Amino acid sequence: MKEIFTQLIEQVRGVWRFRWRGLLLAWLIALFGWGYVYTLPDIFRVDARVAVDTESALRPLLEGRVVANNVMSEVELMSRALLSRPRLEAVSRETDLDLRASTPRQYENLLDSLRRAIRLTRERSNSGSAIFNLSFTDTDPAMTYEVVSTLLESFVSETVDVDRRGREEALEFLEQQLASYEQQLNDAENALADFQRENVGRMPGEEGDYYARLEGAISMQNRLDAAVRISREKRDLLRQRIAGEEAVFGLVPGATSSVTTSVDAQILSLEQRLEDLRLEFTDKHPDVVATTNRLEALYERQAEERAVAAGTLPDAGDSDLALNPVYQEMRIQLTTAELDLATLEAQLRQQRTQVTSLREAVDTLPVVEANYKRLTRDLSTIRANYEDYKQRVEAARTTLILESRGDDVQFRVLEPPKSPITPDGPNRVALLTMVLFGALGAGAALAFFYHQLNPIFGNRHALSSISGLPVIGSVSLMQTPAERFRLHTQTALYGVGVATLAVAWMGSVAFSERAVALAARLMSGAGL
């Protein structure tokens, strides 16, 4: 550490030998630097602040019924569009800024400087609006004001125009798509109606598709087979019981010719039912056929009873048996069983016919059902798309109406541009101070440079370390009083020179405005 300090002291002593050269260079740099700072033109700055409010009073009430737009992204796009070359060219023409350029090269430089001088920044806001700050700097205060006013007008008007034009084009596209889907929907509905008309009775219903219908028909046929078998066994059993029954009551022949039979009421009821059925169905309907068969059986039974009552039966034992109540009851049950059996057999024949018809249509009905499903699926898809585009068109129309009223987005100019009175820059105090310290540093560097070119050894240790030889002795310098006076005088004069430089800096700062005005007059007089 001591060695380093010693070396530092030696370097300072070496630099001190060339202090006058360094001071002279510092003065020269300071004077020229301050003069250059005075010649710098004043910079004027104009700001404008605009708030973009996207929260309309109607928007909460129209939530989900209007197209959600991202105004902030559009504003961001417009901020970049402001710095585009066409926009900068338009601004330069509208403000006569292009008159500053007389050659294409100068015009290109003018556009570059205009792009760098324009600033559009976004401020944070706690409300639903965003605040944008537009600024521009230039040496001409009037031109600065004109540029900011033109940019602000373009920023507000074109942001809204771009959004509205985009939505109008989108609405036109949606309306074209809606008309196309409406035509497709009509065609699909007509095609499905024609297909249904051409394939009546062959399309799938509530019972399902072809294979479900065939499986159901076969299952019903099996159930009817079982029912017919059970009914036939019941009928056979009744016949066997009737054949073994004996008569228990006597009857006088010819005394009961006018007696009402036991089946008259049933005949009347079935006749009325048959009339009602014939009003709704044909004679081949299973219910009509079953009712007819049953009536015929009852007619036969009625004729037998009347014959027995009139004594026309040849066998007296049979007439006695006919008047047996148990026998009569079994005859009625037999008649009912035969009628039920006839009904079931008719239903079974019809079911077998249906199964046979379905099996014969195995090559046609699946194709018909597949075509029907395809038409239905296409119709559902087209209808869904049509309804979706219809809702979109309504939402787009509502959005345009909302925008035409100006409720969708609002631009509020918080701070309009104002013509600047005082310059915003440059900061001459800081620049003058920087020139002062830069001049002092340059003077010190020059003295250090001369010291490196003309080194000296201030003590024996430094000489020994550089030469690598031992120093056996040294001769001290003894100054006379006159030499010491001269040395002190030079030191004082050097201090005065540095102090004068500091005083000159303070004067340059204090009289900077006058110096700037003087520099401007000199430059204007020189035609610069």
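A salt bridge is taken here as a side-chain nitrogen of Lys or Arg within 4 Å of a carboxyl oxygen of Asp or Glu. The structure is a predicted model, in which local features need pLDDT of at least 70 and side-chain atom pairs count only at pLDDT 80 or more, while totals for chains, interfaces and linings use all residues. Residues are numbered from 1 along each chain as its sequence is written, and side-chain values use heavy atoms, with hydrogens and water left out.

**View 1. Salt bridge between Glu338 and Arg239.** The side chains of Glu338 and Arg239 meet at 3.2 Å, N to O. Glu338 belongs to helix H11 (residues 325-360) and Arg239 to helix H7 (residues 210-243), so the pair ties together parts that are 99 residues apart in sequence. Helices are DSSP runs of H or I with at least four residues, strands are runs of E with at least two, and both are numbered from the N terminus. Glu338 is partly exposed at 27% relative accessibility, and Arg239 is partly exposed at 40%. Buried denotes under 20% relative accessible area, exposed over 50%, and partly exposed the range in between, for a 1.4 Å probe and protein chains only.

**View 2. Salt bridge between Arg100 and Asp138.** The closest N and O atoms of Arg100 and Asp138 are 2.7 Å apart. Since Arg100 lies in the loop between H4 and H5 and Asp138 in strand E3 (residues 129-138), the pair ties together parts that are 38 residues apart in sequence. Arg100 counts as partly exposed, with 41% relative accessibility, whereas Asp138 is buried, with a relative accessible area of 12%.

**View 3. Further salt bridges, including the pair Asp283 and Arg278.** Between Asp283 and Arg278, the closest N and O atoms are separated by 3.6 Å. The relative accessible area of Asp283 is 52%, which makes this residue exposed; Arg278, at 45% relative accessibility, counts as partly exposed. Elsewhere, Arg85, Glu89 and Glu108 are linked in a network of salt bridges. By the stated rule, the count comes to 20 salt bridges. Side chains of opposite charge can pair when their charged atoms come close.

**View 4. Packing of helix H2 (residues 19-39) against H13.** Two packed helices are described by the angle between their axes and the distance between the axes. For H2 and H13, the angle is about 155° and the axes are 8 Å apart. This angle makes H2 roughly antiparallel to H13. Axes are lines fitted to C-alpha atoms, for helices over the stretch in contact, and angles run from 0 to 180 degrees between N-to-C directions. Angles under 35 degrees count as roughly parallel, over 145 as roughly antiparallel, 65 to 115 as roughly perpendicular and the rest as oblique. The contact involves residues of H2, including Leu25, Ile29, Trp34 and Tyr38, and residues of H13, among them Leu432, Val435, Leu436 and Tyr450. Contact means heavy atoms within 4.5 Å. By class, the contact of H2 with H13 has 16 nonpolar, three polar and two charged residues. Ala, Val, Leu, Ile, Met, Phe, Trp, Tyr, Cys and Pro count as nonpolar, Asp, Glu, Lys and Arg as charged, and the others, Gly among them, as polar.

**View 5. Surroundings of Glu10 in helix H1 (residues 2-16).** Glu10 counts as buried, at 14% relative accessibility. Apart from its neighbours within four places in sequence, Glu10 is in contact with His451, Phe457, Gly458 and Asn459.

**View 6. Surroundings of Leu277 in helix H8 (residues 264-280).** Leu277 is buried, and its relative accessible area is 8%. When neighbours within four places in sequence are left aside, Leu277 is in contact with Asp287, Val288 and Thr291. The C-alpha atoms of Leu277 and Thr291 are separated by 9.1 Å, and these residues are 14 residues apart along the chain.

**View 7. Backbone features in two loops, at Asp96 and Pro426.** Asp96, in the loop between helix H4 (85-94) and helix H5 (104-117), has a positive phi of about 60° although it is not a glycine. Asp96 is partly exposed, with 45% relative accessibility. The peptide bond from Gly425 to Pro426 is cis, with omega near 0°. Pro426 is located in the loop between strand E4 (410-415) and helix H13 (428-453).
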